[in-house]
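Here is a short set of exercises to work through with the structure open beside you. Try each task before reading its solution.

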Amino acid sequence: MSQLKAFPKEFLWGSATAANQCEGGWDLDGKSPSIADCITMGSLGEARKITLELDEEKYRYPSHRAVDFYHRYKEDIALMAEMGLKVFRMSINCTRIFPTGEETEPNEAGLAFYEDVFRELKKHGIEPLVTLCHNDMPLAFTKECNGWKDRKLIDYFLKYCKAVFTRYRGLVRYWLMFNEINIMTKPTGNWHHAGICHEGTTDFGNQVDVPQDRYQALHHLFVASARAVKLGKSIDPSYQFGTMVTSFLYYPYTCSPDDIFYAYEQTQIQGYFCTDVQIKGEYPYYMQRYFERNGIRLAMEPDDLKEIKEGTVDFLSFSYYGSNCLTVQETKEELLGNMSKGVRNPYLEITQWNWGIDAKGLRYSLNCFYDRYHVPLMVVENGLGAEDHPVRTADGGLTVEDDYRIEYLKRHIQEMRLAIDDGVELLGYTTWSAMDIVSLGTGEFKKRYGFVYVDCDDKGEGTLDRYRKKSFYWYKKVIETNGECLEG
Ligand code: BGP
């Protein structure tokens with residue numbers, strides 16, 4: 001690959017997590033329950049239940065203990081430093097800062113916790129990349145006003161942003177607004193992204209969907225994001241803000257014009273709508289058409305569109321796990337993906353959790369995004385969820401010979417380099433995930449992504465001790481050589 005353009009010297013090699021999937025300490029130091037704290041453990045065949053009232057006798061709630069980053073962050077950050085990470089993507093759990101959302105003053109214990117984490121990162125020369133809202137929100141808002149459906153959450157979000165933007169000046173530079181905001185274009189977005197729970201909703205797979213409410217909530221997220229950008233820049237002009245979407249990469253299953261147009265339309269709505277709004281600063285024409293055809297009428301205040309125009313983001317970040325195929329026919333074998341469903345692509349391998357592996361799709365996505373927006377890009381999630389089988393090391397510890405993970409990451413890094421050679425401006429890459437954490441989709445521990453094995457099983461048993469996997473040493477070398485050496 002040496003004839004190709006190299007990764008930029010300042011390339012941000014890193015890894016990622018989300019608060020509710022790694023911290024634990026769900027009720028400590030003033031924290032209130034978040035929407036993430038009342039979803040049960042599930043599996044590939046059994047959707048996670050949404051229980052507005054906790055029933056700990058009957059269910060397990062994986063976020064409650066998670067992998068205890070709350071108490072072990074120094075050890076975790078030391079391991080990241082040993083790997084040579086330049087950036088660590090993490091999220092702030094807003095229920096540590098404004099626990100119920102109604103407080104007028106932030107919770108000092110919560111602010112102090114993240115300040116300690118940022119200082120620890122700084123000590124090791126690791127740049128934090130902070131998601132303000134990664135599927136967390138006070139559960140109280142769901143009960144009181146059905147989450148982001150209510151416009152009042154914009155003020156709550158701004159209050160939270162003001163507290164963290166002010167407190168962490170000089171410690172954080174890169175901010176992401178709402179994790180995978182474009183999942184709001186699908187019914188799954190109701191719970192995860194907006195805290196909306198209509199009567200009759202029971203679990204992830206069965207969420208009662210009222211598109212009018214969902215798109216209204218998404219409008220509130222857009223306004224909140226735009227205002228937060230302006231607020232942040234007024235507090236510290238060097239702050240850099242990114243939108244964060246999941247790459248819904250859809251191929252037409254056949255070359256039938258019907259499949260092609262169907263895949264194109266779904267790509268517009270799911271793939272580009274949110275970035276069009278947050279980067280171009282306006283609602284695209286195709287969504288006006290979609291709203292009209294589906295009887296959706298958004299309530300807006302007079303300045304909303306102006307604010308959206310003025311509060312555009314600086315860069316585009318996205319998660320990328322693979323692709324899916326779409327067809328208008330109904331009889332094909334179904335394939336899952338990150339919050340997506342489609343038809344199995346005969347050219348692709350699949351993971352143990354039925355997600356299509358498509359490294360070249362990453363190069364394709366990078367080119368599509370760059371071509372459309374001409375803003376810097378960051379890949380902020382990419383990785384392989386797989387079951388690991390730890391083996392004993394000579395010193396009595398554990399390790400995992402995870403060549404499958406190395407192979408997956410290697411192929412994606414190769415495609416990123418090709419995209420850079422194509423001319424794409426790519427700022428960084430944070431794999432999912434730094435250490436093993438709880439799976440968002442299924443709540444399992446056994447669906448592992450990390451470079452560091454965490455001793456914990458699906459019954460919630462295990463010491464939570466950390467062990468370096470083979471991929472840990474591999475990624476260290478990738479970073480040391482700035483992506484030149486990808487051999488395992
Ligand atoms: C994304 C989320 C992450 C993460 C990842 C992997 O949708 O932003 O939080 O978990 O997917 O998904 P899963 O955990 O379901 O394997």
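**Exercise 1. Find which strand pairs with strand 4, and in which sense.**

Solution. Start with residues 174-178, which form strand 4, and residues 240-246, which form strand 5. Helices (H or I, at least four residues) and strands (E, at least two) are DSSP runs numbered from the N terminus. Strand 4 and strand 5 pair in the parallel sense over three bridges; pairing requires that DSSP finds at least two bridges between the strands. To locate the pairing on screen, look for Leu176, which stands opposite Gly242 in strand 5.

Before going further, a word on the model: it is predicted, local features need pLDDT of at least 70, side-chain atom pairs count only at pLDDT 80 or more, and totals for chains, interfaces and linings use all residues. Residues are numbered from 1 along each chain as its sequence is written, and side-chain values use heavy atoms, with hydrogens and water left out.

**Exercise 2. Trace the closed barrel and give its strand order.**

Solution. Follow the eight strands in the order 1-2-3-4-5-7-11-14, with parallel pairing. From one strand to the next, the twist averages 25°; angles run from 0 to 180 degrees between N-to-C directions, and axes are lines fitted to C-alpha atoms, for helices over the stretch in contact. Next, add helix 4 (residues 108-123), which packs on the sheet and touches strand 2 (87-91) and strand 3 (127-133). Contact means heavy atoms within 4.5 Å. The direction of helix 4 makes about 170° with that of strand 2. Finally, place helix 13 (residues 403-422) on the sheet, where it touches strand 1 (12-16), strand 11 (377-381) and strand 14 (426-432).

**Exercise 3. Decide how helix 6 lies relative to helix 8: roughly parallel or roughly antiparallel?**

Solution. Take the axes of helix 6 (residues 152-167) and helix 8 (residues 211-235): they come within 9 Å and cross at roughly 25°. Helix 6 is therefore roughly parallel to helix 8, since angles under 35 degrees count as roughly parallel, over 145 as roughly antiparallel, 65 to 115 as roughly perpendicular and the rest as oblique. Now look at the contact, whose residues include Phe157, Leu158 and Cys161 of helix 6 and Val223, Ala224 and Leu231 of helix 8. By class, this contact has ten nonpolar, three polar and three charged residues. Here Ala, Val, Leu, Ile, Met, Phe, Trp, Tyr, Cys and Pro count as nonpolar, Asp, Glu, Lys and Arg as charged, and the others, Gly among them, as polar.

**Exercise 4. Examine how helix 2 meets helix 14, then find the salt bridge of Asp76.**

Solution. The axes of helix 2 (residues 69-83) and helix 14 (residues 470-480) come within 8 Å and cross at roughly 50°, so the two helices are oblique to each other. Leu79, Glu82 and Met83 in helix 2 meet Phe472, Tyr475, Lys476 and Ile479 in helix 14. Then turn to Asp76, whose side chain forms a salt bridge with that of Arg466 (2.8 Å, N to O); the criterion is a side-chain nitrogen of Lys or Arg within 4 Å of a carboxyl oxygen of Asp or Glu. Asp76 lies in helix 2 and Arg466 in strand 16 (residues 466-468), so the pair ties together parts that are 390 residues apart in sequence.

**Exercise 5. Locate the cis peptide bond that involves Ser433.**

Solution. Look at the bond joining Trp432 and Ser433, where omega is about 0°. Ser433 sits in the loop between strand 14 and strand 15 (452-454).
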